[in-house]
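Got your viewer open and your mouse ready? Let's take a walk through this model, one selection at a time.

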Amino acid sequence: VYLRASENGDAAAVGKAITALTRAVELDTASAAAWTSLGIARLRAGDAAGAERDLRESLTHPPVPPETYRALADV
């Protein structure tokens with residue numbers, strides 16, 4: 001929800017998305033989609049290094065969503 005709200009540049013939504021997604025990826029069952037979403041949120045926050053790290057982590061949890069590759073290209 002917060003990630004979608006951050007699409008228009010809402011900084012508060014980006015911060016909330018990062019907080020929620022960070023908790024989600026700490027679970028043993030974290031999916032590539034969760035890692036990708038966190039990477040996209042970090043990219044929107046201006047944290048390119050963190051975004052790249054999270055997006056590369058998503059590659060280790062197949063199946064990998066197509067938006068992972070688009071976001072990596074943006075990084």
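First, a bit of vocabulary: helices (H or I, at least four residues) and strands (E, at least two) are DSSP runs, numbered from the N terminus. What you're looking at is a predicted model, where local features need pLDDT of at least 70, side-chain atom pairs count only at pLDDT 80 or more, and totals for chains, interfaces and linings use all residues. Residues are numbered from 1 along each chain as its sequence is written, and side-chain values use heavy atoms, with hydrogens and water left out.

**Stop 1: Asp-54**

Select residues 48-58; that's helix α4, and Asp-54 sits in it. Is Asp-54 buried or exposed? It counts as buried, because its relative accessibility is 2% (buried means under 20% relative accessible area, exposed over 50%, partly exposed in between, with a 1.4 Å probe and protein chains only).

Now show what surrounds Asp-54. Skipping neighbours within four places in sequence, Asp-54 is in contact with Trp-35, Leu-38, Gly-39 and Arg-42 (contact means heavy atoms within 4.5 Å).

**Stop 2: the salt bridges**

Stay on Asp-54 and add Arg-53: the two form a salt bridge, with their closest N and O atoms 3.8 Å apart. For a salt bridge, a side-chain nitrogen of Lys or Arg has to be within 4 Å of a carboxyl oxygen of Asp or Glu.

Next, pick Arg-42 and Asp-47. Their side chains meet in another salt bridge, at 4.0 Å from N to O. Arg-42 counts as buried, because its relative accessibility is 15%, while Asp-47 has 32% and so counts as partly exposed. Select Arg-42, Asp-47, Arg-53 and Asp-54 together and you have a linked network of salt bridges.

How many salt bridges are found in the whole structure? The search turns up five. One of them is in helix α5, so hop over there and click Arg-70 and Glu-67. These two are three residues apart, about one turn of the helix, and their closest N and O atoms are 3.8 Å apart. Arg-70 is exposed, because its relative accessible area is 52%; Glu-67, at 34%, counts as partly exposed.

**Stop 3: α3 against α5**

Keep α5 on screen and add α3. Two packed helices are described by the angle between their axes and the distance between the axes. Here the angle is about 30° and the axes are 10 Å apart (axes are lines fitted to C-alpha atoms, for helices over the stretch in contact, and angles run from 0 to 180 degrees between N-to-C directions). Which residues make the contact? Look for Thr-36, Ile-40 and Leu-43 on α3, and Glu-67, Thr-68, Ala-71 and Asp-74 on α5.

**Stop 4: the nonpolar core**

In soluble globular proteins, nonpolar side chains tend to be buried together. A nonpolar core is a set of buried Ala, Val, Leu, Ile, Met, Phe, Trp, Tyr and Cys residues joined through side-chain atoms within 4.5 Å. The largest one here has 15 residues, and Val-25, Leu-38 and Ala-41 touch the most other members. Helices α2 (11-25), α3 (32-44) and α5 (66-74) each supply at least two residues of this core.

Zoom in on Val-25. Not counting residues up to four places away in sequence, Val-25 touches Ala-30, Ala-34, Trp-35 and Leu-38.

**Last stop: Ala-11**

Finish with Ala-11, in helix α2. Ala-11 counts as exposed, because its relative accessibility is 62%. Draw a distance from its C-alpha atom to that of Asp-74: the two are 63 residues apart along the chain, and the line spans 19 Å.
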